[in-house]
Structure formats: structure tokens, C-alpha cells
Amino acid sequence: MHNRFRTICFSCLLLMMPLCVSSQTLTGKVTSEGAPVVGATVMTKALNKGTASDADGNYRLQLPVGTHQITISAVGYATRTETVTLRENEEKVLNIELRSKPVEFGEVVVVVGARATSRTVTDSPLPIDVISAQELSYTGQNSFDKILQYRVPSFNVSQTPVNDATALLDPWEIRNMGVSRTLILINGKRKNLSALVYTQTSPSRGETGVDISAIPLDAIKRVEILRDGASAQYGSDAIAGVVNVILKDNTEEGYVSINSGVTNEGDGARLGISLNNGSSIFDNKGFANYTVELSKVNEARRSGIVDADGEFADFGDPARGYNLNYIRNFLASDKYAGNRNSSPATSAAKFLLNTGVNVSEHTELYANVAYVYKKVNSYANYRVPYWRTYTDFPYLAKFFANGDSASYKGYVPTFDGDLIDYNATFGFRTKKNEWNFDASFTLGFNSQDYAVLNSHNRSGFKDTTGTNIYRENSPINFKPGGTKFSHQVWNLDIARALTDKLSIGFGSEFRSETFEIVTGDKASWDGIGADSFAGNRPENSGVFNRYNFGGYVDVGYDVTSNFLLSVTLRNEHYSDFGNAFVYKVSSRYKTLDDRITLRGSYSTGFKAPTLHQIYTQRVQYSFVPGAGIQSIGLINNVSPQARVLGVQPLKPEESKNLTLGIGARPMENVNITFDYYDIFISNRIIISNRVPFGTGGEVEFFTNSIDTKTTGVDIVVDYEHIPFGSGNLGFSAAGNLNLKNERDGAIPKVRGTNVIDATQEALFFTSRPKQKFVVGATYETGKVQLFLNGTYFGTTEFRQSGLSSDLKTVFEPKVVTDIGVTYALASKVTIAANINNVFDVTPKWKFEALNAAGTAILNDPAQTKGQSNLVTFNGRYSMMTYDGFHFSQLGRIYNVTLTYGF
């Protein structure tokens, strides 16, 4: 529904301009079985112009003199096309009755995937999923990323056991390709990256993505997911695919909803309120739709029982009194050792406006603006008294035990994060002499500011009088700084259907990006810095910028009504690394009265190194098996240290994508698609292993080091709108099978050390489910809607740091079941209840032997226990291990939503 991206004014000043346009008017009412159809699209595809029916089913559309093909469609109804002739100064009425047989999403016109002309899902030569707002609501999940995890098999989200900055946004990815290789669009325009680069030992390590959880759910009209490489169409990052979020543009049917939820453990309580509303502006020539969402989620803790023997092995010191009995006595009073392995407490406020206005027969202004604030409170590992000891640091009793050394029981540093994310697009579309023009300006910004509380700087620096600067004189609260990222994007897109067979599109993009590392207060970074999270040092901070300019040409040729060929070429120049040229060839062939569709594409692509990857340099606190938490240095790619090590400047990743698919519609309400993908990436950017540097030191760095090969298949089956009793049933099944995800070629070495090890290879290639299936059913009758969904998470494998090379950690396949019911209490009031994870399924893992030596370990309970302590920090993270897991550890969650329409 390309027409629904209607225009938005550049500013309030533009909104005040008089809009006096002479035109012919087509009016009417859209109904089904006598009832009005709200939000139906009424458009002429030839002019790329349309409108939507209001709460009474009425619509009004201004058109030039002439004969027009008017297409009327609505999600849930069959599409109709009528021919209308308008004369000078004529107002014509066209009333439409839509059949109750619902429309398949294959008939929806999508924006993503083609630049020359918009096509329906069925006509596209590329695999595209379309998910409606209603389908998004079925899951009962409360953030966009978690919804996609339980609706799209190839989409995965990972939560890490120790959050730090990751608490602000969880890493997600498509097709096991990492968060940085999927492009996010809002109404077809590029969304800004976050300011965070993931440096913890977890999936998506070393990458930067978009904070899609910041998008308010009630602002979303539908989601288009292109499951194919698309660098030729959109530029960097679109190696795995593209997610295009289409915003609501309706002017009627506003509502306010209140939602609440809690886990079956009684924690993680959630309370949220959301408002979505719209109105017509300028005598129905424009629209404004806005969403406000406020929410608060409490901490949900899932700490593991700590093992005394493991603690003694890591921290015991009998000579100073910290013997095994001391540790056992401490754990007897708190078996969790004070640890708070949890889903963090989060508060968020989100606002989004989507608006537009027609200023002439063929010209429209459009804009959308979004602002998000998020506050997160999380916890570092608890510093037990035999780890941060009173013997070593006598002042800790003053800080954390009111001066009483006998009652000193350790302390837990907290990590607070403040995130701001905003984006805005302003543009206009016009048509002249059959040419379609779209010019826009987009800006985006993301900042993350951190605070560490309840900690200290234990550095032994002294002033000129011999007094400790820190230690007993250290502050306990710190501001370690943060990061910021912004971009400005100018786009010009031009397209025309030259004939009924040949269409062409071309355009250009200029993008400027800025990344800033904000210096922390001195106490947070001086010496050792704040315990748990050291601040950004001045020499590691700064403001970094680059720009790129690119252009593309896209040609689509319908050889016959069934056979389509499409070619796209793109070249981009980056100010820091130079040119990138990519292309794409795709085709589609329909046969048997459009019931069978064959499609395929081959493309090259690229992912530019982000400014974060080039310039990030810091000290990171990380868990080292057998040694607790240690600080590790990360040097940036342009540093003198990197050159001493022989590390080359970062260059773009390059990809080759092959996709082959078949779609079948054996019956009107049955759709089946099968798509095979093969993705080869060279020069993949990673964070290296720890490499020796200097005297006894170790450092990590970003580098282009490995080539990877990923193949798999996506399967989708939909069987919808089946009459059953007094209502309609719908069934859906979708699956992603990861056939191959592996390194291609040898591992480079730096100073005799492999750049990656088994731990990182597992994070890259096996830490996501090998298979994932989503099976769902819906039933609608009268005032009731029922929903049932089952998600199968296949096997995942990890090779945690410190784990014997003879073993691997395997997370077992699990099925998570969700149910939901919606009931209309009154004409404007509905209540929805969801139970996520009905059977309270949680991640389960086990060790598997890789050889005879591994079998020997597993046959020895003492050795097995020792290995378990290594990967769970002595049991603290017993449910998911330290490197992450494949679905939520929270178990069953109850949600209730009350909605009032107006």
C-alpha cells in the first residue's frame, strides 16, 4: 500500500499555508455485508495516489480529469478494482461492497524490495513477509524485537546474564548473521544505529545494530521483512535482509490501552499505558496520526545457587582466613551469594507522529518524528567478602557496612543507563510527466549515558602529602561517560513506468555519520577506575565523523505478464575507505494461473565498518573462568598499538547472496513458500581474541579476519479464513532451517595467537538455533478472538572460555507455547489476556563430549562439576551459562490489556 505513506508537513509553518487546489473529487462508502469497512485503501496505482476510509466507511479522493482504475483493498477482505471516468469540476460517487472473503497479504503492495516500482508480495521476485498490526498483537509480547522473535523463525534475540550497557538493548539478528547485517527502515527510510557496540562475550559480539525495541508498538501499521540481500537497493548493512516498519496513518479509530503483566514467580511486574489517535487536517487533504507509550517493568531475578568448592578454588585464601568453611558459612546465609542475575528494571517513554498533506493534485508533503527515552537499572556481579576482602580494603566496611568490619558482607555495584533515541524524516513526493519524484531528509540520534553506583576506585594513587586519592577517599558513585551516534541522510528517488512492461528507477543518497565517545569523570577511569565498569578515559574519547555518497539504477522488465527480470546497480563512496560497487539480478516466473511462482536472485553486497568499530577503545570488565572478573583492554583500529601488532585498517565486508524460491497457492486461502539462501561473507569484522602485548599484557582489537558461509531454507505455510462454527479459523506454520553456518578458510594469527578461538566461533556460528519453527492458530467469532502459538527453538551450542577443548555446551531443543484471548466487552471496550510460555519452559543445557577425553571428563562427577563451575561462574548463571541462551529464562508470564476506543 505504497499510497499510505502519505505526506507530512516539514514544519508548523508549512501547515499554516493555504491549500487551495482545484480538482475533481471521488467520494463513496466502503462496506461489507452492510457494515462500514474502516481503514480500507482506495487508490489509483497509476498515479500512486490514494486515501483511506474513515470510521463510517466513507472516503474522499481528489483526482485529475480522466479515466482511472481504482483499487479498493483492506486487510481481511478481497481486493476490488473499478473503472471511473471523471470530468472537469465533477464530484462522483463510487460506493464499494467488499466481499467477506478476506484478502491474502500476497495482494498487499509493499514498499521494500524494489526501487523502480512498488509490487505486491505475490508479484515480487524476492521473499517478503508482511505482518499486520493485529498479528503483532497476538503474541502478547511488549516490545517489537520480542514480538518478531515469536513471529519470524529466522529472527532471534539474545539476553545476556550480565547486562551492563547491553541492558539498554538486546542484540537481535536475522539468519544467524549478526545484528549489524540487517537494515532497518521506517516508512522506507533508513533508521539510525544505536550508540552501543557489543563487546561482551555474547552473540553479536563486536557489532552495532538499531534499537528496534524503541519503536512504539501501537504506532506500527504493518511490518515488511525482506529476506534477501539488498545492498544494491539500499546500501550498507542489508546483507541478511531489510525490515521496513510502516507507520499507522489512519485518521479515525483512536484508542487508549492499559496493560499489565507479571511472571509466575511474582516478579518482573509491568505496567504500561498507550495512546494512538489520528485526525484529518486541512479539509481532509491530510492526516496526522500520533502514538504515546509509557511503561515500567520491574526486575525479574533468576540467580543460580553458588557452589562453595568453586568459590574456594577461585577466591579462597586460607592463610588470611578465607577458607572453605568461611565460604560455606557465607553461602549458608545467602545461597545466591548476593548475585542478581536478572532481567533489569526498565522505564520508557515513547512518542511518534506520522503526518502528511496533499498540496496539489500530484504533490504531497510527508514527515514522521519519533522520540524515545529509556531508563535501565541493572546489577554487576556481587563482590563477595572473600573476593573484595576487608583485609585488602579495610575501608570497604565504612562504605558498605556502616564501619562495622564484622558485618561486612560485600557489595553489589549497580549499572544505570539512560538512552535517548530520536529520528525524523521530512520529504515530498510529486509526479510530473509520468515521472515520480521522492526527495527526503532524515536525521537520527542515539545516546547512552551510564552511571555506576555503590562501587569504589581501589587504585593506590597518592597525592603530594602521601594521602590516598582513592581507596578510602574514593567516591562510591561514578559517571563513566557514554556514547552518542547520529546521522543525517539526504535521499532523492526518481521512478517511472516507461511502458506497461518496462520501469526504471534511479536515485542517490548522501549520509553523514558522527560517533562520540564521552569522557567519564576522572574517578571513574583513573588508575583501575570504578570497580565493575571503568569509565572512558580522555585519550580514548573523542568525536569522529565520516560521510558517504552513493547512487543506484534499478530496471524492471516484464518480459511477459508472468516473467519478470530486474537488475539493480549501486556505487557508494565513503570518505574513510573509498568505493563500494554492488549489483543485484532477480527474476520471477508465474504459471498455472498464478498459482505457482518461481523466483530467484543473485547479488553482491557490503557492510561498511561502523565508526564504533573503528574508534572504540576502552577497558572492559569481563568474566575469566577460574579467575573471576578481570579487566581487558580493547584498542581501536587506528591506534599506534594496532599498527605495532600489524592490524590493518578496517575495510568493508563483502557478500555474495543467492536466493532461490517457489511459492504456491493451491487454494484461494492457502499460501506456501519455500526459499533457499546461500550467503558468503569475506573480510568479516570481529573483535579478536586476547593477544599478548607489552610486558605481560593482553589486548583485543577489531579486525577483518575471517570469511563465512551461511546456507539455509525458510518455509512458510498459511491456511486462513476457514469457516468453522460461527467464526473463522486460521493456521500458519513457518520454519527456518540453518543448513550451514561456518568459517570458510584458515584462521589468521597475530603474534602467534589465533585471532579467534572456539569460544568466538561458537558465538558466530552455533549460538543461535539450528532450526526454529513457529506454528500458530487463530479463531475469530463474534466478540471473541482466540490465539495459540508454539515456537520451537532448536539446538544451540557454545564453547565457553575456559571450558575444556574436549567438551561443548549444548542447549536442548524446547517448545514455548503462548495463548491469548480477546473479548469485546462493549462496542468500544475490549480486554485481551495472554499467557506467554504456558508450560513454564526454561533453557536447559548439558555438556557433550567431542572425543574420548571429553567422555572421560563426563564420567567423572568431580571434573564435570569443575567444568560446570567454569561456564556458570560457580553456579551464578546455572540456567543459561555466562555467554547467553536461546530464549527467555523468565518462564511463564501473564499479561492483560484493556483497550478503550474513541
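**Exercise 1. Place V644 in the model and decide whether it is buried or exposed.**

Let's start with location: V644 sits in helix α10, which covers residues 640–644. Please keep in mind that we are working with a predicted model. Next comes accessibility. The relative accessible area of V644 is 51%, and the cut-off for exposed is over 50%, so V644 is exposed. Now look for its partners: leaving out residues up to four places away in sequence, V644 touches F693 and R751. Finally, try a distance along the chain. V585 is 59 residues from V644, and the C-alpha atoms of the two are separated by 43 Å.

**Exercise 2. Work out which side chains make polar contacts with the side chain of D421.**

First find the residue: D421 belongs to strand β26, residues 414–432. With a relative accessible area of 2%, D421 is buried. Then go through the polar contacts of its side chain. One is with the side chain of K191, at 2.6 Å. Another is with the side chain of N192, at 3.4 Å. To complete the surroundings, list the residues that D421 touches beyond four places in sequence: K191, N192, A370, Y371, V372, F445 and N446.

**Exercise 3. Describe how helices α5 and α6 pack.**

Begin with the geometry. Helix α5 (residues 308–315) and helix α6 (residues 324–333) have axes 9 Å apart and an angle of about 130° between them. Angles over 145 degrees would be roughly antiparallel and those from 65 to 115 roughly perpendicular, so this pair is oblique. The handedness comes next: α5 crosses α6 in a right-handed sense. Now to the residues in contact. On the α5 side they are A308, D309, E311 and F312, and on the α6 side L324, I327, R328 and L331. Sorted by class, this contact has 5 nonpolar and 3 charged residues, with no polar ones.

**Exercise 4. Find out what surrounds R876.**

Locate R876 in the loop that runs between α13 (861–872) and β50 (893–901). Its relative accessibility is 0%, so R876 is buried. Among the residues that R876 touches are S303, G304, V306 and E311, as well as N339 and N381. E311 also has a part in Exercise 3, as one of the α5 residues that meet α6. S303 deserves a closer look: R876 and S303 are 573 residues apart in sequence, yet their C-alpha atoms are 5.9 Å apart. To finish, the side chain of R876 also reaches the backbone oxygen of F873, at 3.1 Å.

**Exercise 5. Explain why helix α11 is largely enclosed, and name elements that cover it.**

Count the buried residues: in α11 (residues 758–765) they make up 7 of the 8, so the helix is largely enclosed by the rest of the structure. The buried residues are T759, Q760, E761, A762, L763, F764 and F765. Their cover includes the strands β37 (670–687), β39 (697–724), β40 (727–743) and β45 (796–798). At the start of the helix, the backbone nitrogen of T759 has a side-chain oxygen of D757 within 3.1 Å.

**Exercise 6. Examine the positive phi values of S204 and D840.**

Take S204 in turn: its phi is positive, about 70°, although S204 is not a glycine. S204 lies in the loop between β16 (189–190) and β17 (220–226), and it is buried at 7% relative accessible area. D840, also not a glycine, has a positive phi near 55°. The loop holding D840 is between β48 (829–836) and β49 (845–849), and its relative accessibility of 30% makes D840 partly exposed.

Definitions and conventions
Residues are numbered from 1 along each chain as its sequence is written. This is a predicted model: local features need pLDDT of at least 70, side-chain atom pairs count only at pLDDT 80 or more; totals for chains, interfaces and linings use all residues. Side-chain values use heavy atoms; hydrogens and water are left out. Axes are lines fitted to C-alpha atoms, for helices over the stretch in contact, and angles run from 0 to 180 degrees between N-to-C directions. Helices (H or I, at least four residues) and strands (E, at least two) are DSSP runs, numbered from the N terminus. Angles under 35 degrees count as roughly parallel, over 145 as roughly antiparallel, 65 to 115 as roughly perpendicular and the rest as oblique. A crossing is left-handed if the near helix is turned anticlockwise from the far one by less than a right angle, and right-handed if clockwise. Contact means heavy atoms within 4.5 Å. Ala, Val, Leu, Ile, Met, Phe, Trp, Tyr, Cys and Pro count as nonpolar, Asp, Glu, Lys and Arg as charged, and the others, Gly among them, as polar. Buried means under 20% relative accessible area, exposed over 50%, partly exposed in between (1.4 Å probe, protein chains only). A polar contact is a pair of N or O atoms within 3.5 Å; within protein, one must be able to donate a hydrogen and the other to accept it, and residues adjacent in sequence count only if both atoms are side-chain atoms.
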